[in-house]
Each structure stands twice: as structure tokens, then as C-alpha cells.
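Got a minute to see how the labels on a structure are earned? Let's take them one by one.

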Amino acid sequence: MEKSNGRRVIMFPLPLQGCINPMIQLAKILHSRGFSITVIHTRFNAPKATSHPLFTFLEIQDGLSETETRTDDNTWLFTLLNRRCETPFRDCLTNLLGSSSDSETERISCLIHDSGWTFFTRSVAKSLKLPRLVLNTYTVSFFLNHFALPKLRREVSLLSQDSEQDNLVQDFPPLRKKDLLRILKEKREYLEPYLNMILETTKSSSGIIFMSCEELEQDSLCKAREDFKVPIFAIGPSYSNFPASSSSLFIQDETCIPWLDKQEDKSVIYVSFGSLISMTGPELTEIACGLRNSGQPFLLVVRVGLVKGTEWIEAIPEELMAKVYEKGKIVKWAPQQEVLKHQAIGGFLTHNGWNSTVESVREGVPMICLPCIWDQFVDARLVSDVWRVGLHLEHRIERNEIESSIRSLFSGNEGEAIRESMRLLKEKVGRSVKENGSAYRSLESLIDHISYF
Ligand code: UDP
């Protein structure tokens with residue numbers, strides 16, 4: 001760490017793995033530049049304080065019951081969290097500011113909160129005269145366009161013609177109509193008011209931080225600057241020198257690393273669907289069968305809870321399991337960034353959460369896209385249609401499709417072209433976070449911005 005600069009930043013992540021990881025990464029970056037860090041977090045999905053002894057962690061009560069935390073409707077969960085955390089958050093921040101005003105050596109510069117925390121962060125920070133920045137953990141393109149979803153939902157009948165399924169959605173590029181239909185099918189009763197709150201809270205902030213860069217989303221960044229009229233910082237995706245893995249909410253199975261050491265270079269397909277989505281037993285069986293039939297070695301992450309109502313992998317029939325273990329390894333949670341960095345990895349079958357997507361780009365691993373919910377559909381189209389660094393399964397969870405996409409990625413001409421595009425994209429993104437690259441300069445201006453408060 002650089003010498004302390006006498007300033008503290010308060011960080012407030014949304015309690016999901018995909019939101020905690022980028023917030024902790026940002027905290028590590030700011031800490032390396034001399035800022036002290038306090039993380040305010042909910043009891044639900046609390047980050048592991050012991051993994052980050054240099055930060056101060058403060059827990060607030062979120063009032064969620066066990067049943068509420070198990071809901072499928074994330075918008076409802078976030079709406080509840082936003083209602084119930086206001087008073088505990090206000091009390092916590094008031095205490096912090098009170099004690100820091102007695103300090104002669106350190107003062108609190110600003111609050112950085114996830115874009116999913118809405119109105120109350122605005123009113124609390126305003127009443128305490130604390131500058132506030134918003135960290136957005138989605139792609140810029142998804143963030144900009146998802147405010148149009150309620151309007152698109154009202155027009156949904158216009159979209160249902162089969163012949164138009166592959167067309168682009170004009171209001172939501174690079175999404176195709178079939179992707180939009182899937183997003184709109186999700187249970188999101190509380191969506192419209194929640195999105196309005198996100199929009200207002202973001203517009204009135206002192207700046208928006210994106211974990212993206214010009215090299216990945218130049219047009220969307222231009223549009224974000226026009227739409228939001230507040231400083232925008234695109235500080236780059238996934239810094240490999242500040243790994244996110246230490247903020248894992250799950251126990252990582254490290255045995256996959258020695259297993260990977262025994263595999264040939266670029267031979268293994270890594271398969272993971274992140275921390276949130278679920279699938280049916282037959283879908284998991286199709287995936288296991290496709291992997292096995294592809295003939296490539298594979299590392300498959302089956303998170304506890306991936307298949308609802310099961311303990312772990314019992315949905316996969318026993319006779320298939322015996323064959324699966326001939327070439328594959330299954331773990332409950334992997335040290336993903338370490339895995340993607342490993343020389344044995346040649347491809348990533350992913351749900352395209354934004355963190356997984358950028359981690360794959362940073363390590364130059366071509367992808368097979370199987371998006372399931374929300375922003376994942378946009379990330380997958382960026383990968384397959386815009387950057388052309390992956391194949392898209394087109395939502396078909398079917399053994400033959402999975403087998404043939406793996407074969408195409410590892411041995412076909414298309415795979416060759418994808419690997420070359422990925423090599424170039426990795427280089428571009430790598431340059432972006434190095435001195436004088438666009439993300440590097442954006443990070444410098446973020447640090448200046450915070451230092452002026
Ligand atoms: N991750 C991990 N081990 C796993 C699967 C995922 O460490 O076995 C990490 C991954 O590196 C990423 C995060 O969990 O940083 C998942 O975030 P993402 O946005 O990809 O998906 P989400 O969990 O939000 O759906």
C-alpha cells in the first residue's frame with residue numbers, strides 16, 4: 001500500500017457474490033492508492049472480514065428472514081433490502097462521521113455504493129453532506145438500456161412472431177428479440193418502481209463507476225456520458241493483480257488446481273454458472289452428457305443449490321457419473337480467476353455474469369455462452385456477436401448442441417477465428433489497464449475526483 005493519504009472511503013456493496021467481488025476489488029485498488037477503507041454490509045451474505053484484515057467491516061441489520069433470502073424474485077429481495085436497511089445504514093454512517101470528525105489525521109471522503117442501493121443512500125448521504133458515487137456492476141450497455149424494460153414489456157406482443165426472433169431489439173442493442181422475451185419472462189413484479197429509483201439515485205450522484213473500458217464498450221460509454229451528465233469512470237474490467245477470489249462467499253475447492261496441472265495445455269473446458277442461477281436436474285444431465293461426449297477434459301462447478309431441491313449432483317444418473325469421472329472433475333465452487341489463468345484451460349462454458357465474462361476476457365479464454373437471466377443475455381451477445389470471442393448456445397441446453405459447440409471451439413475453423421479474436425481483445429484490454437491506457441487514465445481521474453472531495 002502507498003502511504004496513507006489521510007482519507008477514508010466508505011463502501012456499501014449489494015449482498016450478492018457478483019456485486020461484492022467488484023466492490024472489494026475497487027476497495028483494494030483504492031487502498032493501494034493510500035485510502036483507508038470501511039465496508040458497510042448486510043448480515044445476509046456478509047463478506048468474510050478475516051480475508052481483508054486491512055479493511056474495517058461494519059455489519060448492519062437487514063431484517064431478512066431465511067425464507068425471504070431464498071426467493072427467486074431478486075427485484076423483490078432488493079426492494080425489501082432497500083426498505084429495511086435505511087435506518088440501520090443511516091445510524092451506522094452517522095456514527096462513523098461523528099467519530100471521524102474528532103480525528104485530526106483522517107477524514108471521510110465519500111460513499112461508494114452499488115447501483116442497486118437506491119433512494120435512501122441519496123437522502124442519507126445528502127443529509128450528512130457526504131459525496132456519493134455509484135458503482136455499477138453490469139455492462140454499460142445493459143445498465144443504459146434496462147430502464148426501457150417496463151416499456152418493452154408493454155409492447156411484448158409485438159415481439160412474439162417467430163420470424164423476428166433473431167432480429168436486434170432497436171432500443172436494446174446488441175440484444176436479439178428472443179433474448180428480450182426471456183428477460184421479460186422473469187418474475188420481476190417490482191421492476192418498474194425499482195428501476196425508476198435506480199435511475200434517479202444514479203443521476204443525482206457525484207459520479208458513476210463502471211468495471212468496463214472504452215475497448216469493450218465505447219459507444220455505450222459515449223451514450224452514458226450524454227444520458228447521465230455526471231462524471232463517468234470506466235476503470236477497466238477485472239484487475240488480475242487485485243483478484244476477486246478472496247471475497248468468495250463460498251468455500252473454494254483448491255483441489256482443481258493440481259488436477260489442472262496434470263492436463264495438457266489448452267485442453268480443458270471450464271464450466272460454471274456463477275452464484276445465482278438455478279437449473280433443472282435434466283438440464284444438468286444434458287450438460288454433463290454433452291461434456292462427456294465432447295471428449296475434452298472438463299472442470300464442472302455444481303454449486304450447492306444449482307439444482308433446486310437436490311443436495312448436489314444426484315440429479316445426474318449413476319451410470320453417466322461413472323463415465324463423467326473418466327475425463328472430468330466436479331467441484332462445488334472453484335477459485336475461478338486462478339482456474340481461468342491456468343495454462344490447461346482452453347474454453348469456458350459460462351452463464352455470462354459480467355464478472356465471469358470479463359475475467360475470461362482478461363485471461364484470453366474463449367467462451368461458450370449459456371446466459372440464463374437478466375444482464376447475462378446482453379453480455380453473451382457482446383461475446384458472440386460484437387467481440388466475436390465465443391459461441392452462443394442460443395438457449396439450447398441439449399447434449400448434442402453442447403458437444404458440437406465444444407468440438408467447434410476446440411478444433412474447428414470457427415474456433416480458430418474465435419481464439420485469434422480473443423487473443424487480440426485480451427491484448428487491447430490488457431493495454432487499457434496499463435499506464436496511459438484508457439482504463440488506467442479513468443482510474444487516475446477517479447482517484448483525483450475522490451481526492452478533491
Ligand atoms: N466464482 C468463483 N468460483 C466459482 C464460480 C464463480 O470464484 O466456482 C466467482 C467469479 O470469479 C465471479 C463471481 O464468482 O467473480 C460470479 O460473478 P458473475 O457476475 O460472473 O455471476 P453471478 O454470480 O453474479 O451470477
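Two strands count as paired if DSSP finds at least two bridges between them. Keep in mind that this is a predicted model.

Q: What makes β8 and β9 a pair?
A: Pairing takes at least two bridges, and three bridges join β8 (residues 268-272) to β9 (residues 298-301), so they count as a pair. The two strands run parallel, and Val 271 stands opposite Leu 300 in β9.

Q: What is the order of the strands in the open sheet?
A: The six strands go β10-β9-β8-β11-β12-β13, with parallel pairing. From one strand to the next, the twist averages 15 degrees.

Q: Why do β10 and β13 stand at the edges?
A: Each has a single partner strand, so one side of β10 (328-331) and one side of β13 (390-392) are left without a neighbour in the sheet.

Q: Which strands does helix α17 lie across?
A: Helix α17 (residues 399-411) lies across β8, β11, β12 and β13, and runs at about 145 degrees to β11.

Q: How do you know which residues are around the ligand?
A: A residue is in if its C-beta atom, placed from the backbone, lies within 6 Å of the ligand. There are 21 such residues, and among those that come nearest are Gly 18, Ser 275 and Gly 353.

Q: Which helix gives the most to the shell around the ligand?
A: That's α15, with four residues.

Q: What makes up the shell around the ligand: nonpolar, polar or charged residues?
A: Seven are nonpolar, 13 polar and one charged, with Gly counted as polar. Domain 1 and domain 2 each supply at least three residues of the shell.

Terms used: Residues are numbered from 1 along each chain as its sequence is written. This is a predicted model: local features need pLDDT of at least 70, side-chain atom pairs count only at pLDDT 80 or more; totals for chains, interfaces and linings use all residues. Domain bounds come from an automatic or database domain assignment. Axes are lines fitted to C-alpha atoms, for helices over the stretch in contact, and angles run from 0 to 180 degrees between N-to-C directions. Two residues are in contact if their C-beta atoms, placed from the backbone, lie within 7 Å.
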